[in-house]
Amino acid sequence: MSSSLPRTTSRTAAVSAVVAAALAAGLLATGAATAAGAPDDAIRIHDIQGTTRTSPLVGQQVSGVAGVVTGVRTYGSRGFWFQDTAPDKDPATSEGVFVYTGSVPTVAVGDAVTVSGTVTEYVPGGAASGNQSLTQITKPTVTVVSSGNPVPAPVTLSSRSVPSAYTPQGDPAAGGSINGLTLRPGRYALDYFESLEGSNVRIGSSRVVGATDPYHELWVTVKPRENDNRRGGTVYGSYTSQNTGRLQIQSLAPVAEQPFPKANVGDWLTGTTEGPLDFNQFGGYTLTARTLGTVADRGLERERTRKQHRGELAVATYNVENLDPSDPQEKFDALAKAVVDNLASPDILALEEIQDNNGAKNDGTVAADQTLKKFTDAIVAAGGPAYQWRSIDPENNKDGGEPGGNIRQAFLFNPERVSFTDRAGGDAVTATGVVREKGRAALTHSPGRIAPADTAWENSRKPLAGEFTFRGRTVFVVANHFGSKGGDESLVSHHQPPNRSSEAKRLLQAQAVNTFVKDVLKAQRSAAVVVLGDINDFEFSGTTKALTAGGALRAAVTSLPRSERYSYVYQGNSQVLDQILTSPSIDRFAYDSVHINAEFAEQNSDHDPQVLRFRP
């Protein structure tokens, strides 16, 4: 029960402040808890919101709903929020609601209004997304009763007020949905936020855990010690241990009028940030700031890994985010500089999302030699080695990604340090296999693709396998880019736990790669195999378990402390997507997730590269 006490205290304080302010403004009759402009028997906002996630009045017409405007949005989903000045005593019912106008609203913050219209439940992203719905009033008729009124006092979101438990389990009788469950805002974080949907809320100074993105939003945490790491992020380490303090921040002021601040992970949004609590498709509960705090730069720096020793082989993976020759030279130069300065020029570099020679132009082009030449030239110009490359052109539009882009994996390797064993015959549709030659494993095609006809790889990138030699020792490297998480429900889905439909494909892909690695180890138990790339899944996922099944591989990222396991930041969660896995003979290694992109507002890619150093 202790988690509910701060919630009750906060709510009581807010109610007292609201009533006092309303009395001072003459909006409430002494001795009567009646919303401004509303008769005693009128429908109130808390009646509309109800005690569950969906309104008990959905689809019905309501008239004369009263309150004070707390926020106006003139872009995107245009409308305004207004809030009852006389809350009820039920902590499960929100006192604020959004009014969708469709055009620029004609009201202002502080207007006391009455609203008539239709109560609806809007699902951002559509019903198929699995998102929770936003209760709102549509097709409104709005009457301004008075202007210049005080805004209802905000409820403060803090480490004490937000419960540590994330969500109730969905109702099995309702397909796992939580929509019909009575809100328990003192126990569950999602219920707490839902009980404040549309209400005026605030946060104090809070640490940034998701950098400013191109859509002018950032993420903070109101729980600074929750799964924190040394660089300021909040680490996502389990399906059953969500980070409840995360909150998305947007501004109600159009960017043209008030530029949105740029912030990196670890910076602080200082002072007070206040405004209505919204719910949207890209992040769920969002504080839409009427008053936005100030970003305090904490000076986060991009990491640099150490140089490999002479006897160490350095193998790295880097998703370069749809790189093609039409990208600005500045992007090539920045990526190249990172390879040289931040990754210390690894001996072998597996690249993901290399596009064909004309990018997204959908004209049948599949070759990527110009893309790779432009990139390797930029690396030389940055002071790096003259990398050679190996890759296999895919069939046109058969490997997913941006239509016409034909993304694929590619190997770069430093011929001064390693050699590549070319075995002819590998192409888009021919599978490479494993044979035993002179007592050792060898590939039938190098470079070659793993099981390209397997349905696991339909409309997805096929793994690229290559055979390298370092100081007389053969090393097999498999570059991967598994299927994306597209189609998965969000962490704020009304299904709890959310449906993760994309996992089925990655599970099949992981099983195919695991089988291939076992074929190599069957031919040579001591073979050195490195599987790496954008696995698009967590180190604790079923995908990773399938990759490592039978002891064929080890996820090297698990050698790091839990707080350092991440390569990507999504909605304020620092998480693993990019991985390097090793076969049993690689039993001693140094692993580094090199944080140069994911935590920053200015990015050359949205992924952080990974580096493995070992002595074969």
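In this predicted model, helix α6 has a long list of buried residues: Glu503, Arg506, Gln509, Ala510, Ala512, Val513, Asn514, Phe516, Val517, Val520, Leu521 and Ala523. The helix runs over residues 503-523, and its 21 residues reach 30 Å from the first C-alpha to the last, close to the expected 30 Å at 1.5 Å a residue. The cover over its buried residues includes strands β20 (434-437), β21 (440-443), β23 (464-470), β24 (473-481) and β25 (528-534), along with helix α7 (542-548). Some of the spacing in that list fits a simple bit of helix geometry: with 3.6 residues a turn, residues three or four places apart in an α-helix point the same way.

Helix α4 (residues 329-342) can be read in the same manner. Its 14 residues reach 19 Å between the end C-alpha atoms, close to the 20 Å expected at 1.5 Å a residue. Buried here are Lys331, Phe332, Leu335, Ala336, Ala338, Val339, Val340 and Asn342, and they pack against β15 (313-323), β16 (348-354) and α5 (369-381). After α4 comes Ala344, with a positive phi near 60°.

Strand β16 brings up another backbone oddity, as it holds Glu353. This residue is not a glycine, yet its phi is positive, at about 65°. Glu353 counts as buried because its relative accessibility is 13%, under the 20% cut-off. His216 also has a positive phi of about 65° without being a glycine. It sits in the loop between β8 (206-210) and β9 (218-221), and with a relative accessible area of 36% it is partly exposed.

Two cis peptide bonds also deserve a mention. One joins Ser446 and Pro447, with omega about 0°, and Pro447 falls in the loop between β21 and β22 (448-449). The other runs from Gln496 to Pro497, with omega near 5°; Pro497 belongs to the loop between β24 and α6.

Gln496 turns up again around Leu190, a residue of helix α3 (residues 189-194). Beyond its neighbours within four places in sequence, Leu190 touches Arg53, Gln132, Tyr166, Thr167, Tyr285, Leu491, Val492 and Gln496. Leu190 is buried, at just 1% relative accessible area. Its C-alpha lies 26 Å from that of Asn264, which is 74 residues away along the chain.

Arg78 offers another local picture, in the loop between β1 (61-73) and β2 (79-83). Its relative accessible area of 29% makes it partly exposed. Setting aside neighbours within four places, its contacts are Arg73, Phe98, Val99, Tyr100, Thr101, Gly102, Ser103 and Val104. For Ser103, which is 25 residues from Arg78 along the chain, the C-alpha separation is 5.8 Å.

Zooming out, the protein's secondary structure amounts to seven helices and 31 strands. The radius of gyration is 28 Å, close to the 25 Å that the globule rule gives for 616 residues, so the protein is as compact as a globular protein of that length. Along the principal axes, its C-alpha atoms fill a box of roughly 95 × 50 × 50 Å. Buried residues account for 58% of the 616. Of the contacts with a separation of 6 or more, 71% link residues 24 or more positions apart. The accessible surface is about 23500 Å², with 50% of that belonging to carbon and sulfur atoms. As for charge, there are 58 positive and 64 negative side chains, and the centres of the two sets are 8 Å apart.

Technical notes:
Residues numbered from 1 in each chain as written. Predicted model: local features only at pLDDT ≥ 70, side-chain atom pairs only at ≥ 80, totals over all residues. Heavy atoms only, no water. Helix = DSSP H or I, 4+ residues; strand = E, 2+ residues; numbered from the N terminus. Buried < 20%, exposed > 50% of the residue type's maximum accessible area, 1.4 Å probe, protein only. Contact = heavy atoms within 4.5 Å. Expected span 1.5 Å × (residues − 1). Rg over C-alpha atoms; globule rule 2.2 N^0.38 Å. Areas by Shrake-Rupley, 256 points an atom, 1.4 Å probe, with all protein chains shown as cover. Lys, Arg positive; Asp, Glu negative; His and termini not counted. Charge placed at Lys NZ, Arg CZ, Asp CG, Glu CD.
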